Amino acid sequence: MSSAEHESNTAAVPAAPEESVDYIRGKRQLHHALVISDPSPVGSMQAMWASVSQAAVMGIFLLLFGAFLYFGKPLVLPVFAAAVVALTLAPALKLARQRGVPHWVTTIFVLLFIIGAIGSIATAIAGPVSQWIGRAPEIGTNIKQKLSVLDAPLAALQDLQNSLSGGNGSVSVSEPASNMVLPVVAFVTPAAGELLLFFALLFFFMVGQSELRSSMVAMFSSRDAKLRFLKIMRDIERNLAGYLVVVTIVNTTLGVIVGLGAWLIGLPNPIMFGVLAALLNYVPYIGPAIMVITLFGVGLVTFPSLSQACIAPLGLIALTTAEGHFITPTIVGRRLTLNPLLVFLALAFWTWMWGPIGAFLAVPLSIIGLVISNHLIPDDEIQLPD
């Protein structure tokens, strides 16, 4: 056979499809690895400074926006809170409208239900909380006696601090504990004007929700932008409503368990502790920590020994740990996954920005931000070099 015939026969035999696909895929992966491992330098200093200027403008905007949120709290906080609550209740309002219930009737019913729930909770805990605040000096003395075992370590730490700072280390304890508790209660209690503004805005948000959404849709020029906005709003409403339903069921169950446990071990006012546990559990990390400290302090006053005083807080730690790491993530995680670090940072930021109400709004605002980012930021997997 001649060389020409051999070359013609070889060319006539096609390559296997699997081999050609693997060859092309391997060539692309090799090219991608080379591009990542050997990045090209900056094209010009002008492009680099343009990027730096854009980042600086964005940073200035964020700082100004943060200052606006902080100093405009009396007006901005009720607006944000009413908008979040209205978005959360939007699926219920739509369901009632589909059943033929007038929109304003559902809005009035929801407002009356919220006001009634707040009034019932305040009535249930106002009396016991006032009694405990009135016993603050006695409670402080009893706690000091029960924790006398820690006097030696605390004295050693105080001596070390005095030797390092050069001070005399004198601490005044003559001020009644009620003088420290009352400012905290005054700080937690929202102002009457802000509360009235919140309910007024919530009413208008719920009544004019359809008109407001239509006006916002009309602001977008292209059809794709309008559809994207509607999808974002729909997902925000569904995720907020689903989160609220699940967390409310979990927190109510937790409150019932805490109330029954407080009654079984002999703590006074078990209903108050159950209601507080359910309410504070809406705030991740901070709420359960406050409840643990409260149960420990009441246990020190109620029980004769330190070991008995630790029963209630240890039980609550076990319950909240199981709820936060297994129960709620299993249910909510299928619908929406929140990074624990993101939740903690959002909690710290909004608590610093708006106080206790900001702590309650931290998770809903994080959900809104996550939904928006999922729609606007592409979900392409970025391969990093080894």
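**Reading a nonpolar patch and a helix residue**

Reply: Helix α16 gives the nonpolar patch its largest share, 3 residues. This is a predicted model, in which local features need pLDDT of at least 70 and side-chain atom pairs count only at pLDDT 80 or more, while totals for chains, interfaces and linings use all residues. Residues are numbered from 1 along each chain as its sequence is written, and side-chain values use heavy atoms, with hydrogens and water left out.

Me: Which residues make the nonpolar surface patch?

Reply: A patch is made of residues with over 30% relative accessible area and no salt bridge (a side-chain nitrogen of Lys or Arg within 4 Å of a carboxyl oxygen of Asp or Glu). Nonpolar side chains (Val, Leu, Ile, Met, Phe, Trp, Tyr) are joined within 5 Å, like charges within 9 Å. Here Y285, I286, I290, L341, F344 and L345 form a patch of about 570 Å², an area from the Shrake-Rupley method with a 1.4 Å probe.

Me: How many helices does the protein chain have?

Reply: Helices are DSSP runs (H or I, at least four residues), as are strands (E, at least two), numbered from the N terminus. The protein chain has 16 helices and 0 strands.

Me: Is L341 buried or exposed?

Reply: Buried means under 20% relative accessible area, exposed over 50%, and partly exposed in between (1.4 Å probe, protein chains only). L341, in helix α16, is exposed because its relative accessible area is 54%.

Me: What does F80 touch?

Reply: Contact means heavy atoms within 4.5 Å. Not counting residues up to four places away in sequence, F80 touches L69, W354 and L365.
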